[in-house]
Amino acid sequence: MAKGKILVIGASGQIGVELTMALREKYGNNNVIASDLREENELLKGSGPYVSLDVMNKEMLHVQVIRQNITQIYLLAAILSATGEKNPNLAWHLNMQGLLNVLDIAREEKLEKVYWPSSIAVFGPTSPKKDCPQQTIIEPTTVYGISKYAGEFWCNYYFHRYGVDVRSLRYPGLISYKSAPGGGTTDYAVEIFYEALEHKKYNCFLREDTYLPMMYMPDAIKATIELMEAPKEKITVRTSYNLSSMSFSPTEIGAEIKKHIPEFELSCTPDYRQAIADSWPQSIDDSVARADWGWQHEYDLARMTEDMLKNLQR
Ligand code: NAD
Ligand code: AKB
């Protein structure tokens, strides 16, 4: 349990909504303050405190941290891979300055802990394609990947230089039904479910044989909370941990959906996002996370597909 309150920045986004709900469930509704630039997500309304906040406004953020007695921050505000390629300057600015603002305030106010997610997007075309290890060649080719890689080293720096207990996971593409994804290359794996249920067909923006690392949201939330709860001495990686549960192609997820919706038809018309996907690994080796703090996933492709369809049908 935190000594003070927890602030979630970017709480109205794909991860933020579910992470805020899970943190409220665990630590109490009033102890978890949701914040975002955009309005409060419908699913969060009435379940706990919300403040409108721009992470780029450091003074405002600092005032809120002191006023609300914040001792832990989960920073989720960012621009993702596909949107980032359309506006590289904005992506770099938000993804870097937002993180530096939070790390500085964490240092000045001696916050207990900070969480900041990285991504499989740190890896580039020269990284191993299969079972990409924790430590390897990392040469990202997207502005999003560059910002995540630089961010990882800022986290490492603030931990070693100033003692800020900042923890991080390299999430794969996340699949969820509670809140919509926000401009990533892996978003097809969410869209496909909506289209399958509504129109019985889906035209994917990636090629049918494009394998990418993916994860169902309940596993991502579990990993995040377990990492943040882990004893400090168990955390040996202060850049960001590889995290993995499944890897599939559009063909494979299409075939899995077809088991539930036999009329479902998949077609593929690759666009600019294909080059981003091609630069990333197809699967990830997360053995360091498993050894350090006992990470274990629960959902594979079959179980995730069944759960997604059941919940979306509802
Ligand atoms: P999202 O785009 O769905 O949500 C981000 C939220 O941040 C949005 O609600 C947005 O309004 C808010 N935001 C943007 N600018 C802000 C600002 N200046 N101040 C305050 N809030 C602001 O993103 P997400 O998918 O929830 O991702 C959250 C984090 O996880 C990001 O760092 C992302 O890079 C990382 N991540 C996500 C995935 C994924 O598949 N969703 C995978 C890997 C890593
Ligand atoms: C994206 O596709 O940009 C994200 C990610 C893997 O970081 N889902």
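Here is a friendly walk through the two ligands of this structure, the pocket they share and one enclosed cavity.

1. Before anything else, keep in mind that you are looking at a predicted model. The distances, areas and volumes below were computed from it.

2. Let us begin with the largest pocket. About 800 Å³ of space lies inside it, and 42 residues make up its lining. If you want to find its centre on screen, look for Leu 76, Ala 77, Ala 78, Ile 79 and Leu 80, the lining residues that lie nearest to that centre.

3. Which elements give two or more residues to the lining of the largest pocket? They are H1, S6, H5 and S9. The largest share comes from H1, with 3 residues. By class, the lining has 24 nonpolar residues, 13 polar ones and 5 charged ones.

4. Now add the ligands to the picture. The space taken by ligand 1 is the largest pocket, and for ligand 2 the space is the largest pocket as well. It helps to view both ligands together with the lining, then take each ligand in turn.

5. Ligand 1 is surrounded by 27 residues, and the closest are Gln 14, Asp 36, Asp 54, Tyr 144 and Lys 148. Sorted by class, this shell holds 15 nonpolar, 8 polar and 4 charged residues.

6. Where does the protein backbone meet oxygen atoms of ligand 1? A polar backbone atom of Ile 15 is 2.9 Å from an oxygen atom of the ligand, and one of Gly 13 is 3.2 Å from an oxygen atom. Leu 174 also takes part, with a backbone N or O atom 2.9 Å from an oxygen atom of ligand 1. Taken alone, ligand 1 exposes 830 Å², and the protein buries 93% of that area.

7. The shell around ligand 1 can also be traced by element. Those that give two or more residues to it are helix H1 (14-27), strand S6 (118-119), helix H5 (143-162) and strand S9 (173-175). Colouring these four stretches is a handy way to see how the chain wraps up this part of the picture.

8. Ligand 2 has its own set of surrounding residues: Leu 80, Ser 81, Ser 119, Ile 120, Tyr 144, Gly 173, Gly 184, Thr 185, Thr 186 and Trp 280. How many of the residues in this shell are nonpolar, polar and charged? There are 4 nonpolar and 6 polar residues, and no charged ones.

9. For ligand 2, look at the side chains. Ser 81 has a polar side-chain atom 2.5 Å from an oxygen atom of the ligand, and a side-chain N or O atom of Ser 119 is 2.6 Å from an oxygen atom. Thr 186 meets a nitrogen atom of ligand 2 instead, with a side-chain N or O atom 2.8 Å away. On its own, ligand 2 has 260 Å² of accessible area, of which the protein covers 93%.

10. Finally, there is a cavity to find. The structure holds 1 cavity of 30 Å³ or more, and about 40 Å³ of space lies in the largest cavity. Its lining is made of Val 55, Leu 75, Ala 77, Ala 78, Leu 94, Asn 95, Gly 98, Leu 99, Trp 116 and Lys 148. Helix H4 (residues 88-108) gives the largest share of that lining, 4 residues. By class, the cavity lining divides into 7 nonpolar, 2 polar and 1 charged.

Conventions. Residues numbered from 1 in each chain as written. Chains lettered and ligands numbered in written order. Predicted model: local features only at pLDDT ≥ 70, side-chain atom pairs only at ≥ 80, totals over all residues. Heavy atoms only, no water. Near = heavy atom within 4 Å. Polar contact = N/O pair within 3.5 Å; in protein donor to acceptor, adjacent residues only side chain to side chain. Areas by Shrake-Rupley, 256 points an atom, 1.4 Å probe, with all protein chains shown as cover. 1 Å grid on protein atoms, 1.4 Å probe; cavity = no way out; pocket = protein on both sides within 12 Å on 5 of 7 lines; lining within 4 Å. Sits in = over half its atoms within 2 Å of the grid points. Nonpolar A, V, L, I, M, F, W, Y, C, P; charged D, E, K, R; others polar. Points joined across faces, edges and corners; volume = space filled by probe spheres on them.
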